[in-house]
Amino acid sequence: MSLFILFRRSFSILQQTKEKILSNPIKIDIDMQNKLEHLSLISFQDEKTIKKVEQTIHSSNIIHQANVDHLQPLYTLVETELCPLRQTDTISIEKTLQTKQVLENAANIYEEHLVAPMIGKRESQTVEKVDTTKL
Amino acid sequence: MAATAAAAVLSSGRFYALIGFEIHVKLATHSKMFSSSSSAPAQTTNSQVTPFDMALPGSLPYFNRTCLEAGIRAAIGLNCQLNKISHFERKHYFYPDSPAGYQITQQRYPFASNGVFHYPLLIKKDKLKSSTKYKFVDNQNSFVIKQCRIERIQLEHDTGRSIHDDHQNRTLIDLNRFGTGLIEIVTKPDIQSSLEGESFLRELNRLLIKYNICEQSGLETAVRVDANVSLHRMNTKPDGNRIEIKNLGSFIDVRQAIDFEIKRQEQLLTNNYSIKNETRTYDTNKYQTIHLRRKEDQIDYRFMIEPNLPPLYLYDDNDKHIYGKNFVNIDDIKRNIPISPLDERKQYLDKYKDFLTAEHLHELLRLDMIDYFRDVMTHLDNNHLRHIALEVLLSDVKSISYDGRKIRKFAQAVSPILFADIIKHLEKRIITRFSLYTLLTLCNKSRDSTRSLKSFLDEHNMYAINDENELEKICLKILEENPKQIDRYKTNPKKALEQLHTSVCKKYHGRIHDDLVNDVFKRLLDKRIK
């Protein structure tokens with residue numbers, strides 16, 4: 001009997017929470033869309049995709065209803081362990097990959113470099129420019 | 001000149017500047033921070049890469065103890081509080097030279113924080129004019145010491161190397177550098193001018209090399225600096241807005257970028273524009289900073305605790321009952337750390353107070369000669385010789401090697417032992433003061449530090465002529481060749497002696513002591529006149 005009451009109460013709380021969320025719909029504006037695309041490297045191409053993202057966020061918002069005031073986050077499963085230290089500063093030839101292994105899955109390579117499409121300079125990076133057509 | 005303009009802005013009394021640094025230091029370790037491939041620079045492309053460096057599935061980080069010890073030495077040198085528990089975090093962003101899509105760092109939970117670093121004000125020759133209002137030496141025996149608070153020091157790793165190929169619209173990636181151990185030193189905005197900034201960085205560079213934290217080359221290759229600069233009207237509180245200048249790689253770039261930015265912000269404030277948060281970079285060709293991005297475009301890095309690395313614990317002598325030998329004891333490192341550059345200089349001033357002043361030491365520091373000076377002093381056994389050596393360093397050697405790079409090359413060519421030998425010969429009058437510059441130049445050019453002094457003197461016949469009879473013969477010959485000077489001696493003896501002295505030096509390549517030859521000339525000329 002008490003189990004049944006507990007179930008009814010949980011269901012009722014869930015219903016209330018869902019109604020609360022539905023009354024505050026999520027809307028992704030153009031700035032937020034640009035930010036999410038930049039962070040995820042995924043293009044949201046059309047309205048349908050944006051709507052799906054909004055609905056997903058909507059559904060996930062239920063997590064904020066949980067009372068976590070008395071809890072600490074579990075950042076890592078090994079939080080009670082001590083960070084192990086590699087005791088010697090020696091180079092391991094066995095663990096170092098050969099260059100051909102590093103490059104074997106790359107679609108494009110150039111003079112033993114991995115090739116990536118140009119996506120613009122990152123400001124904190126020391127970047128070299130080279131015109132390989134003249135090499 | 002930006003330097004003069006910036007100095008004028010700051011000395012006008014209308015504005016004050018706040019400058020802070022974020023300094024990335026490449027640690028001097030053989031292997032990387034989280035993997036055991038080599039961290040040596042300039043190796044064959046993509047030849048120093050482990051599965052972790054490529055972020056291959058299943059690979060995990062394994063933290064290098066030597067990186068931690070180097071970080072702790074930096075924290076001790078910067079008088080920081082060491083946090084016994086710290087955490088690694090992921091800083092997320094997408095870029096091809098970072099295969100995992102994040103960098104492991106310690107943004108919010110660093111291992112060291114709340115430090116303070118004391119540094120002497122230094123000046124380079126070209127800044128003399130615009131910095132004449134600065135006082136460098138407090139009194140005979142002490143420098144003007146400034147201080148800068150350290151907000152935090154965090155451990156992190158470097159990214160790979162990107163080479164942009166604009167013509168082919170692609171980026172070439174070399175992962176050799178990925179995972180190399182770094183520490184990031186973040187200061188509070190206590191610096192107030194480019195001169196203070198450069199002085200701070202030079203002293204920090206000295207500390208990093210002395211404590212074996214980074215490689216010998218220091219700021220030029222192993223250290224990258226980001227500067228945060230803001231200018232405010234006098235008697236107003238800072239509003240928190242600042243300009244971030246990224247990736248400055250040399251002392252000169254740091255100084256010029258700060259000076260340019262101070263002048264630029266002064267113009268904005270004078271025209272009633274406000275300074276908004278912005279990231280800029282320094283163009284070394286145009287000598288100016290250029291816009292990169294605004295505050296609104298700032299990246300959201302979505303920091304989270306690194307789930308693959310447990311918390312980092314540090315121990316000290318009080319925790320002996322807890323830790324095993326596999327963990328790092330802070331007190332062990334403190335006991336073995338060398339003396340700081342600042343304390344070392346105080347020691348010199350005390351030890352050599354008979355002849356060494358703070359002005360001398362400041363000049364040695366400015367010329368990057370302090371290490372060479374220290375090594376030479378150890379090879380001379382009395383203060384008289386040491387005094388002569390100091391005088392020669394600050395005159396002849398300064399003329400030959402007037403900047404840091406040249407003095408390092410000089411120190412390799414003319415070893416401290418050879419230099420000490422030269423000073424002993426000078427003191428014994430085996431060589432003359434006049435020939436010293438030529439001798440040092442010859443030794444420097446030969447680049448053979450194993451060669452003895454005797455071989456140089458024999459090859460170029462540089463022994464001083466001390467025999468009185470021979471001197472008299474030489475002087476008589478010079479007098480015969482310069483009869484006009486004999487007449488001139490009657491009316492203007494000083495000028496005549498100078499001319500005769502010049503003739504004898506030219507002819508005998510500085511092998512004759514000034515005092516001896518003047519005495520002989522005087523005696524001979526007085527005799528002739530009588």
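A polar contact here is a pair of N or O atoms within 3.5 Å; within protein, one must be able to donate a hydrogen and the other to accept it, and residues adjacent in sequence count only if both atoms are side-chain atoms. By that rule, chain B and chain A share 20 residue pairs in polar contact (both at pLDDT 80 or more).

Some housekeeping. This is a predicted model, where local features need pLDDT of at least 70 and side-chain atom pairs count only at pLDDT 80 or more, while totals for chains, interfaces and linings use all residues. Residues are numbered from 1 along each chain as its sequence is written, chains are lettered from A and ligands numbered from 1 in the order in which they are written, and side-chain values use heavy atoms, with hydrogens and water left out.

**Where the chains meet**

Chain B puts 73 residues into the contact and chain A puts in 49, counting heavy atoms within 4.5 Å. About 5,500 Å² is buried between them, and carbon and sulfur atoms give 57% of it. Buried area is the accessible area (1.4 Å probe) that two parts lose on being put together, summed over both. On the chain B side, B:Ser36, B:His164 and B:Pro310 lose the most area to chain A, together 11% of what that side buries.

The rule finds one salt bridge across this interface, meaning a side-chain nitrogen of Lys or Arg within 4 Å of a carboxyl oxygen of Asp or Glu. B:Asp300 and A:Lys35 make it, at 3.4 Å from N to O. Among the elements giving two or more residues to chain B's side are helix 2 (65-77) and strand 11 (161-165); helices (H or I, at least four residues) and strands (E, at least two) are DSSP runs, numbered from the N terminus.

**Strand pairing**

Strands pair if DSSP finds at least two bridges between them. One pairing crosses the interface, between chain A and strand 12 of chain B; another sits inside chain B.

| Strands | Bridges | Direction | Facing residues |
|---|---|---|---|
| Strand 3 (113-117) of chain A, strand 12 of chain B | Four | Antiparallel | A:Leu114, B:Ile173 |
| Strand 5 (89-92) of chain B, strand 18 of chain B | Two | Antiparallel | B:Arg90, B:Met304 |

The second pairing belongs to an open, antiparallel sheet of three strands in the order 6-5-18 (chain B). Strand 6 (102-105) and strand 18 (304-305) are its edges, each pairing on one side only.

**Chain B's domains**

Chain B splits into domain 1 (2-305), domain 2 (367-460) and domain 3 (468-529), with bounds from an automatic or database domain assignment. The centres of domains 1 and 2 of chain B, taken over C-alpha atoms, are 37 Å apart.
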